[in-house]
Each structure stands twice: as C-alpha cells, then as structure tokens.
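Me: Hi! I've got a two-chain model open and would like to talk through how the helices pack and how the chains meet. Could you take a look with me?

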Amino acid sequence: MTTAVAIALLALISYLLRASGLLINEDNPIVDRYSGALTAGILASLIVSSTFSNATELTLDARAVGLIVAAIAAMRRLPLVVTLILAVAATATARLLT
Amino acid sequence: MRNGLAIAGVAAAIGSYGFAFGVLAASAGLGWVAVLTMSTLAYSGGAQAAFVSTLVTGTPATALLSGALVNLRLGIYGAISARVLATQSLPLRLIGVHFASDETIALTVGAELEDKHSTYWRSGLTFFVVWVSSTMLGTLAGNAIGDPETLGLDAAFPAVFVALLIPTLTTTTIRVAALSAAAATFAVTPHVAAGLPILAAVVAALATVTISTRSSYT
C-alpha cells in the first residue's frame with residue numbers, strides 16, 4: 001500500500017464513519033459502554049508509541065519530558081496551545097541539556 | 001453572535017496544533033499535496049496525527065490502521081450532527097456531517113438548544129478552514145525548518161494525545177482500560193512490526209470493559 005492509497009482510504013473511512021452516524025441510534029448502551037474505553041485505550045497506546053518507541057524499539061528520551069509536562073498541563077486544563085508550547089519547549093530544553 | 005469568542009479561542013488552538021502537525025508531517029516526508037488531501041478529505045486531527053506518527057516508523061498500512069482506529073468515535077459524532085441537522089435536506093446533512101470534529105461537537109453539545117444548529121455550522125466551517133490552512137502552512141514551513149527534533153516538535157504528538165486523553169478518563173473502567181492498553185503497547189512493541197501494537201491496545205481496552213461488565217453482574 002502506498003502512502004497515497006493509505007491517505008485516500010483514511011479519507012474514505014473517515015467520511016463513512018461520520019455518515020454512518022446518520023443511521024446510528026446514538027443511545028445504544030453497548031456502544032456507550034465500549035466507545036469511551038476504546039477511545040481512551042487507543043489514545044493511551046498512541047501516547048506510548050509516540051513517546052517511548054522508535055519503530056520496534058522501546059526508548060526513553062527527551063520526548064518523555066515533554067509528555068510529563070503535557071500531562072501536568074492537561075490535568076490543569078490549560079489551553080491546548082499552552083500545553084503544546086510547554087511540552088515542545090521542555091523537550092527541546094531536555095535535548096539541549098543531554 | 002453567541003459563542004463567537006469560544007469559537008475564536010478554539011480556532012487559535014486548532015491553528016497552532018495544525019501548524020505543528022504540518023511541520024511534523026513534512027519531516028515524515030509528506031508534501032503539501034498529501035497534507036492538503038488529508039486535511040480536507042479525512043479532516044481529523046487525531047487520526048492525522050496517529051497516521052503521521054505511525055508512518056514515521058511503520059508502513060502506510062499500519063498508519064492507516066492507527067488513523068482509522070482513532071476515527072471510530074466519528075460515528076458517534078455523525079449521530080450527534082444528524083440530530084442537530086435534522087431539519088435540513090439530505091444533501092446538506094451528507095455535507096454537514098463531514099465537519100463533525102472533536103471541537104465542533106464539543107461546542108455544539110455545550111451550546112443552548114436554539115444555538116446548536118448555528119454553532120455547528122459556524123464552528124464547523126471555521127475550524128475546517130483553520131485546520132486546512134494551518135496544516136498546509138506548517139508543511140511548507142516544515143520543509144524550511146530542517147530538524148524538528150532540535151526544536152522539540154516531536155513532543156507535539158504525545159502532547160496532543162495526552163490533552164485528548166485526560167478529559168476522557170471519567171470512570172474507573174475507562175482509566176483501567178487506558179492503563180491496560182498502555183501496558184499492552186509496551187509489552188508488544190518489541191515483538192511486532194511498527195504500528196501494530198495498537199491492536200493489542202484495542203484488545204486490552206475491550207477486554208477491560210467486558211471483564212468489568214461481567215464482574216458487576218456477579
């Protein structure tokens with residue numbers, strides 16, 4: 001699969017998922033029960049992958065510093081802009097110092 | 001205009017995140033055409049972030065998998081937008097549903113009943129334009145920046161994922177699901193191809209809910 005095909009498929013899948021909402025009865029209890037946990041699980045997995053790994057290797061580097069700063073900022077409900085700037089600055093600084 | 005300030009504030013956040021995304025997309029080797037296509041047709045920040053961050057170390061197929069999984073909640077957003085747009089014609093609903101994003105839905109759900117319709121369209125279109133243009137600008141800038149890692153820009157993805165995650169951790173089951181998904185990801189990463197650990201995370205999250213539902217019946 002080329003990147004172009006993957007992007008096209010992502011676009012198609014995204015639209016189909018949205019349009020399928022026109023058909024869903026959104027008060028389905030099974031959907032409710034699983035969707036929150038599924039979303040959280042997927043996000044948690046992406047956090048791990050984007051912070052602590054490089055392909056198939058587990059790593060620990062300056063990104064972890066950015067993550068901790070972002071987590072603190074997010075828990076304090078700071079605006080996303082601020083969270084991003086703080087995390088990026090923290091990582092850049094950590095990299096500079098190591 | 002109601003919500004005008006809220007829409008503007010959120011738009012600024014979307015713009016800055018879109019810009020950071022564009023820079024990282026450029027460093028992942030994506031050109032502005034790819035980013036423009038993704039931003040206008042897929043139009044999903046979380047999924048686009050998942051796609052690009054997986055693409056860096058994985059394959060287009062696993063990137064697609066990550067992006068699609070992140071987008072599962074769009075079905076629910078589509079249902080919400082369907083309710084809000086119920087009075088409009090089918091073609092308009094089919095178009096309108098495309099603008100359902102985390103932020104648009106959040107603002108629409110939080111709006112007063114009589115404002116929901118206008119909030120949806122105004123925020124939906126505004127955020128769409130802001131997202132597409134900021135990701136494009138970021139991509140063009142990214143080609144000029146050189147090494148995003150020196151600027152710590154690779155922390156942008158984890159930061160956004162964490163900012164998206166924290167508000168969802170409302171119940172114990174969900175928190176445990178997130179933890180087990182993270183643990184599964186750690187455990188599986190050294191043993192499978194890049195981009196695939198997310199499947200283990202999905203299994204872990206689903207298992208957590210199934211187990212907790214069962215045990216609440218005993």
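Me: Let's start inside chain B. At what angle do the axes of helix α4 and helix α11 of chain B cross?

Reply: Happy to help; keep in mind that this is a predicted model. The axes of α4(B), residues 60-70, and α11(B), residues 197-215, cross at roughly 30° and come within 10 Å.

Me: Roughly parallel or roughly antiparallel, then?

Reply: Roughly parallel. Angles under 35 degrees count that way, so α4(B) and α11(B) qualify.

Me: Which residues meet there?

Reply: From α4(B) you have L65(B), S66(B) and L69(B), and they meet I198(B), L199(B) and V202(B) of α11(B). By class, that contact has five nonpolar residues and one polar, with no charged ones.

Me: OK, switching to the interface. How much area do chain A and chain B bury between them?

Reply: About 6000 Å², and 78% of it is on carbon and sulfur atoms. On the chain A side, L10(A), R18(A) and L22(A) lose the most area to chain B, together 13% of what that side buries.

Me: And how many residues does each chain put into the contact?

Reply: Chain A gives 62 residues and chain B gives 82.

Me: How many salt bridges and polar contacts are there across it?

Reply: There is one salt bridge between chain A and chain B. R95(A) and D154(B) form a salt bridge through their side chains, at 2.8 Å from N to O. As for polar contacts, 11 residue pairs turn up across the interface, both partners at pLDDT 80 or more.

Me: Which elements of chain A touch chain B?

Reply: Those giving two or more residues are α1 (3-20), α2 (29-52), β1 (53-54), α3 (62-75) and α4 (80-97) of chain A. α2(A) gives the most, with 21 residues. Split by class, the chain A side has 37 nonpolar, 18 polar and seven charged residues.

Me: Nice. One more pair: how do α1(A) and α2 of chain B pack?

Reply: Their axes are 9 Å apart, and the angle is about 10°; α2(B) covers residues 32-42. That makes α1(A) and α2(B) roughly parallel.

Me: What residues are in that contact?

Reply: α1(A) brings I7(A), L10(A), A11(A), S14(A) and R18(A), which meet A34(B), T37(B), M38(B), L41(B) and A42(B) of α2(B). Seven of the residues in this contact are nonpolar, two are polar and one is charged. You'll recognise L10(A) and R18(A) from before: along with L22(A), they lose the most area to chain B on the chain A side.

Key
Residues are numbered from 1 along each chain as its sequence is written. Chains are lettered from A and ligands numbered from 1 in the order in which they are written. This is a predicted model: local features need pLDDT of at least 70, side-chain atom pairs count only at pLDDT 80 or more; totals for chains, interfaces and linings use all residues. Side-chain values use heavy atoms; hydrogens and water are left out. Contact means heavy atoms within 4.5 Å. Buried area is the accessible area (1.4 Å probe) that two parts lose on being put together, summed over both. A salt bridge is a side-chain nitrogen of Lys or Arg within 4 Å of a carboxyl oxygen of Asp or Glu. A polar contact is a pair of N or O atoms within 3.5 Å; within protein, one must be able to donate a hydrogen and the other to accept it, and residues adjacent in sequence count only if both atoms are side-chain atoms. Helices (H or I, at least four residues) and strands (E, at least two) are DSSP runs, numbered from the N terminus. Ala, Val, Leu, Ile, Met, Phe, Trp, Tyr, Cys and Pro count as nonpolar, Asp, Glu, Lys and Arg as charged, and the others, Gly among them, as polar. Axes are lines fitted to C-alpha atoms, for helices over the stretch in contact, and angles run from 0 to 180 degrees between N-to-C directions. Angles under 35 degrees count as roughly parallel, over 145 as roughly antiparallel, 65 to 115 as roughly perpendicular and the rest as oblique.
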